[in-house]
Each structure stands twice: as structure tokens, then as C-alpha cells.
Amino acid sequence: MEELNSKTAFVIPLFGGIPVGESVVVTWIIMAALVIGSMILVRGLRVENVSRKQLALESFIGFLHDFFGDLLGEEGAGYIPYLITVAIFIGVANLIGLLGFTPPTKDINVTAGLAICSIAVIEYSGLHKKGLKKWLKSFTEPIALITPINILEIFIRPVSLCMRLFGNVLGAFVVMELIKIVLPVGLPVPFSLYFDIFDGLIQAYVFVFLTSLFIKEAVE
């Protein structure tokens, strides 16, 4: 039960003490690692006689760009960088448990923040594409009778995105902790391959896949 609670990493001595959670610190570490890694990977890019590092980087980003491009089409192409960023962040956040850190996505505050950002992008995409008048009118489609349901979806979607990611990551974390208690040597390895790697990447995929579908629906 202690592992399920969000731990405080340190306290900032301002305004009576501001606690900083462990998930926030791990998120800062991930952000710093991604920024520094990006700066290293994009150094020395060339048009001709490219290096293997550049080829691998272009193949990886190209794969993600084409994947989201097929989902969103031309109308939603401008949101691909956001989706790639979120996919990489969640993927790394779910895998960081392999390095001994507690995944920040185990904290519902982190998954809620990601869900709120995504729903803001989703609603902005519809507003930007249709304009205010048509965007408001879309809540009455296909018939005005279901307007309350369409409005309620604005709040249902982020809750769904948040709880799906949080629940799966937390569940995997709890199972791995129980396995380590029962048999700390040998047995956790194959389970770690599934819960920490496969399931972690699947959850990152599901989050951005649903977000991209919502964006596509908003801009149609």
C-alpha cells in the first residue's frame, strides 16, 4: 500500500513548504534526458553521406510521422508533432521502471495532466477547423436532442484517457511488486519483459491512437 501512494521527493521551503512528488522529479529527469538526447541526435545532420545515426533517426521519426499521417490525413497533419512527442514521453515514462525509477504514469496526476493537454488539443483542432459558430453547432449533430451527451463527451474523453493509462500502468506496477515479493530472483525477468516493456509500449500506443482518432473526428 505504501508503494501505491505518491511519495514526496523533497519540500521547497516557500509558503510554508511546497511538497514535490517523486513522479514530478522523475518527469523532470525524463524531460531532461529527452531534450539532451534530441540535441545530441540532431547534431551534424547532412543531406549527403548521412551517418547510420541519422538514418536510424530519420527512419524512426518517419515511421511515426507516416503512422499518424495515415490516421489524421492532411487536415490533421499539423498535430503530428504533438502526438509524436506524447508517444515518446509516455513510452519512456512507462519503460523507466527498468532503470529502477517509479514510472510517473503510476501517478494519476501525471496521466490527468496528459489527458487534459490532449483534450485541449482535440477541442482546439475542431474550433480551428470549423470556426466558433460551426464548432458550437457540431454539438447539436446529428440531432439537437443529444446535445447534452455531446457536451458531456468533452469531460468523458479526458477521464477515459487518464484512467485507462493510469489503471494499466498501476496494475502492471502492483503485479510486478507482488511477484518480486514472492520470488525476487529469476521469476520477475519474463514478467518484466511483458509488464514493463510490452504493456508499457502498448499503453503509449493506445493513448496517442485514441487521441489521434478524436482529433480526426474533430476536424472532419
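## A salt-bridge network around Arg157

Glutamate 153 is partly exposed, at 31% relative accessibility. The model is predicted. Glutamate 153 pairs with arginine 157 in a salt bridge, with the closest N and O atoms 3.7 Å apart. Both residues sit in helix α5, four residues apart, so about one helical turn separates them. Arginine 157 counts as buried, because its relative accessibility is 13% and the cut-off for buried is under 20%.

Arginine 157 has a second partner. Its side chain also meets that of glutamate 217 in a salt bridge, at 3.0 Å from N to O. Arginine 157 belongs to helix α5 and glutamate 217 to helix α6, so this pair ties together parts 60 residues apart in sequence. Glutamate 217 is partly exposed, at 43% relative accessibility. Through shared partners, Glu153, Arg157 and Glu217 form one network of salt bridges.

## The remaining salt bridge

How many salt bridges does a search of the whole structure find? The count is three. Besides the two that involve arginine 157, there is a pair between glutamate 75 and lysine 129. Their closest N and O atoms are 2.8 Å apart. Side chains of opposite charge can pair when their charged atoms come close.

This pair links distant parts of the chain. Glutamate 75 is in the loop between α2 and α3, and lysine 129 is in helix α4, 54 residues apart. Glutamate 75 is partly exposed, with a relative accessible area of 47%. Lysine 129 is partly exposed too, with a relative accessible area of 41%.

## The largest pocket

The largest pocket has a volume of about 400 Å³. Its lining has 14 residues. Leu34, Ser38, Ile84, Thr85 and Ile88 lie nearest the centre.

Which helices supply at least two residues each to this lining? They are α1 (22–41), α2 (52–72) and α3 (80–95). Helix α3 gives the largest share, five residues. By class, the lining of the largest pocket holds eleven nonpolar and three polar residues. It has no charged residues.

## The second largest pocket

The second largest pocket has a volume of about 300 Å³. It is lined by 15 residues. Nearest its centre are Lys130, Ser138, Phe139, Arg157 and Glu217. Arg157 and Glu217 are also salt-bridge partners.

Two or more lining residues of the second largest pocket come from each of α4 (108–137), α5 (147–182) and α6 (188–219). Helix α4 gives the most, with five residues. The lining of this pocket includes six charged residues, whereas that of the largest pocket has none. The other classes in the second largest pocket are six nonpolar and three polar residues.

## Where the two topics meet

Arg157 ties the pocket and salt-bridge results together. Its side chain is buried by the cut-off used, because 13% relative accessibility is under 20%. Arg157 lies among the residues nearest the centre of the second largest pocket. It also bridges to glutamate 153 and to glutamate 217.

Methods
Residues are numbered from 1 along each chain as its sequence is written. This is a predicted model: local features need pLDDT of at least 70, side-chain atom pairs count only at pLDDT 80 or more; totals for chains, interfaces and linings use all residues. Side-chain values use heavy atoms; hydrogens and water are left out. On a 1 Å grid over the protein atoms alone, a cavity is a set of points where a 1.4 Å probe fits but cannot get out, and a pocket is an open set with protein on both sides within 12 Å along at least five of seven lines; lining residues have an atom within 4 Å of a point. Grid points are joined across faces, edges and corners, and a volume is the space filled by probe spheres set on the points. Ala, Val, Leu, Ile, Met, Phe, Trp, Tyr, Cys and Pro count as nonpolar, Asp, Glu, Lys and Arg as charged, and the others, Gly among them, as polar. A salt bridge is a side-chain nitrogen of Lys or Arg within 4 Å of a carboxyl oxygen of Asp or Glu. Buried means under 20% relative accessible area, exposed over 50%, partly exposed in between (1.4 Å probe, protein chains only).
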